[in-house]
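Me: I'd like a close look at one spot in this model, and then a walk outwards from there. Take your time and keep it chatty.

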Amino acid sequence: MISFIVSIVVLIIGYFLYGKFVEKIFGVDTNRETPAVRLQDDVDFVPLSAWRIFLIQFLNIAGLGPIFGAIAGAMFGPSAFLWIVLGSIFAGAVHDYFSGMLSVRHDGLSISEVVGIYLGTNVKHIMRLFTVVLLILVGTVFLIGPAKIIDGMTGNLWGIWTWTAIILIYYILSTLLPIDKMISKLYPIFGLAMLLMAIGLLIALFFGDYQIPELVPSNIRNMTRNPEETPLFPILFVTIACGAISGFHATQSPLMARCMKNERIGKKIFFGTMITEGIVALIWAAAAMTFFGNVTDLNAAMLANDNNAAWAANKISLNMLGSFGGILALLGIVAAPITSGDTAFRSARLILGDVFKSDQKKIKNRLMISLPLFIIAFSLTQIDFGIIWRYFAWSNQTLATVVLWTITAYLVLEKKAYWVTLLPAIFMTLVCSTYILIAPEGFQLSNYLAYIGGNIITISISLLFRNYVLKRKNIAGFLYKK
């Protein structure tokens, strides 16, 4: 329990101290007019209150990540606590803050367009495609996933495909309607429900008969049933994504960048929601490690239920929170992924709107861009859910890595403390490259070869980046002198 409490305290301290440090590096301008004010169109550019933006952003980035990812990550043992804490503060929150604030500084542009500004046109074109594909995968995952959960909760009353159709209709409406008509009204309620569920679990952990494993040297190891098949590095760092760092967050931040009235709330909105998500992930990881008895029993229970994190989350919430937990489970476990799925499609619409310079104030233009996205997503629901989830997980972390390199380029060119993103960029490059070499959905190399290959790829990308920014700096210096 001590390690768990210390982890939460460190996350909170990280927000106030490291968050302030990162904010100072960026250089907030409270007198600068934001896109929400300057480009207001009453559809996507809509000024909203800070508390409303916070809850919307939290629900946007949370989804199933800090619940399902934390439960799966808990199977590795207390090492998950370390990754959640360190990842959230030094990688995830930094990633979210800079990606959100750079969007604010560039008229609310989508992340692929921001990447293009700092990493070049070729990378921009690649990221446009990559980001839209990722968002469609997210939308698909959060379309069929919640449908399965609701179907299970209702005793297969209507069937999965009926629920899928209902959720899809909601997605269409929330993607097309102005952000203040549906999203800004529903999200605060669901976001509050998710936070209350986490607080309820936290209280149950404190006052119930639960023994949370401590972060002692003997516990900092791979506790999965077969460590050779699921090596802690890099599997843990991809399994726990949204609770530590997630590229999906960078696709969501521009939505809120278009609603902020002042730059001063950026730390609260972007850095703060990531830290909050880290706390939620910690709570769920701790609950998973202790509810079934211990980490070994958790692994056994998950194996017996096809590693179904939704089953585990439902069982934990109902048993630890009682009948009230059932209501919160419905709101938190079901509403959270749905409200991430709809904004995934909305983000994809905005990206394609930026690409084609399409005026999104017109409903016809919104419809023309959105319908193909929904058709593709519905088609992907016919593919095995597990396969889609695994590709989504790797794509998600890869996008986060590219965004970290983008922010690093910005900081280098602006002569600011670029190490705050350079170090996590290098680390995440190593994670993603090693993962795709070792994973079943990747090249399936031996652990030894994957580690060697991951290091070679990481060094190569780091050198390419160095040469690129040096070239950019020389060009910028030449133009400045001219």
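In which loop is Lys357 found, and is Lys357 buried or exposed?

Reply: This is a predicted model, so keep that in mind throughout. Lys357 lies in the loop between α14 and α15, the latter covering 363–380. With a relative accessible area of 69%, Lys357 is exposed, because the cut-off is over 50%. Its backbone is worth a glance too: phi is near 50°, positive in a residue that isn't glycine. Most non-glycine residues have a negative phi. Asp42 also has a positive phi, near 65°, and it too sits in a loop, between α2 (35–38) and α3 (50–62). At 45% relative accessibility, though, Asp42 counts as partly exposed, since it falls short of the 50% line.

While we're on backbone quirks, look at Phe233 and Pro234: a cis peptide bond joins them, with omega about 15°. Pro234 belongs to helix α10, residues 232–239.

Now step from the loop into the interior. The largest nonpolar core has 161 residues, and Phe98 and Trp284 have the most contacts inside it. Helix α14 (residues 309–355), on one side of our loop, gives the most to this core, with 18 residues.

Start with Trp284. Beyond its neighbours within four places in sequence, Trp284 contacts Pro66, Ile67, Ala70, Ile71, Met197, Leu201, Ala313, Ile316 and Ser317. Pro66, Ile67, Ala70 and Ile71 are among the buried residues of helix α4, along with Gly65, Phe68, Gly69, Gly73 and Ala74. With 9 of its 10 residues buried, α4 (residues 65–74) is largely enclosed by the rest of the structure.

Phe98 leads to a helix pair. In α5 (residues 79–105), Phe98 joins Trp83, Phe90, Ala91 and Val94 in meeting Val420, Thr421, Pro424, Phe427 and Met428 of α17. The two helices pack at an angle of about 115°, their axes 10 Å apart, in a left-handed crossing. Sorted by class, their contact has 9 nonpolar residues, 1 polar and no charged ones.

Helix α12 (residues 266–291) has a partner of its own: its axis comes within 10 Å of that of α1 (residues 2–26), and the two cross at roughly 165°. That makes α1 and α12 roughly antiparallel, since the angle is over 145 degrees. This crossing is right-handed. Among the residues making the contact are Phe4, Ser7, Leu11, Tyr15 and Tyr18 of α1, with Phe271, Ile275, Ile279 and Leu282 of α12. By class, the contact has 13 nonpolar, 5 polar and 4 charged residues.

Ser7 deserves a second look. It sits in α1 and is buried at a relative accessible area of 6%, which is under 20%. Leaving aside neighbours within four places in sequence, Ser7 is in contact with Phe81, Val85 and Leu282. Ser7 and Phe81 are 74 residues apart in sequence, yet 7.1 Å apart in space, C-alpha to C-alpha.

One last stop is Asn396, in helix α16 (residues 385–413). At a relative accessible area of 1%, Asn396 is buried. Not counting residues up to four places away in sequence, Asn396 touches Leu134, Ala241, Ser246, Gly247 and Phe248. Set Asn396, at 1%, beside Lys357, at 69%, and you have a buried residue and an exposed one to compare on screen.

Note on methods
Residues are numbered from 1 along each chain as its sequence is written. This is a predicted model: local features need pLDDT of at least 70, side-chain atom pairs count only at pLDDT 80 or more; totals for chains, interfaces and linings use all residues. Side-chain values use heavy atoms; hydrogens and water are left out. Buried means under 20% relative accessible area, exposed over 50%, partly exposed in between (1.4 Å probe, protein chains only). Helices (H or I, at least four residues) and strands (E, at least two) are DSSP runs, numbered from the N terminus. Axes are lines fitted to C-alpha atoms, for helices over the stretch in contact, and angles run from 0 to 180 degrees between N-to-C directions. A crossing is left-handed if the near helix is turned anticlockwise from the far one by less than a right angle, and right-handed if clockwise. Contact means heavy atoms within 4.5 Å. Ala, Val, Leu, Ile, Met, Phe, Trp, Tyr, Cys and Pro count as nonpolar, Asp, Glu, Lys and Arg as charged, and the others, Gly among them, as polar. A nonpolar core is a set of buried Ala, Val, Leu, Ile, Met, Phe, Trp, Tyr and Cys residues joined through side-chain atoms within 4.5 Å. Angles under 35 degrees count as roughly parallel, over 145 as roughly antiparallel, 65 to 115 as roughly perpendicular and the rest as oblique.
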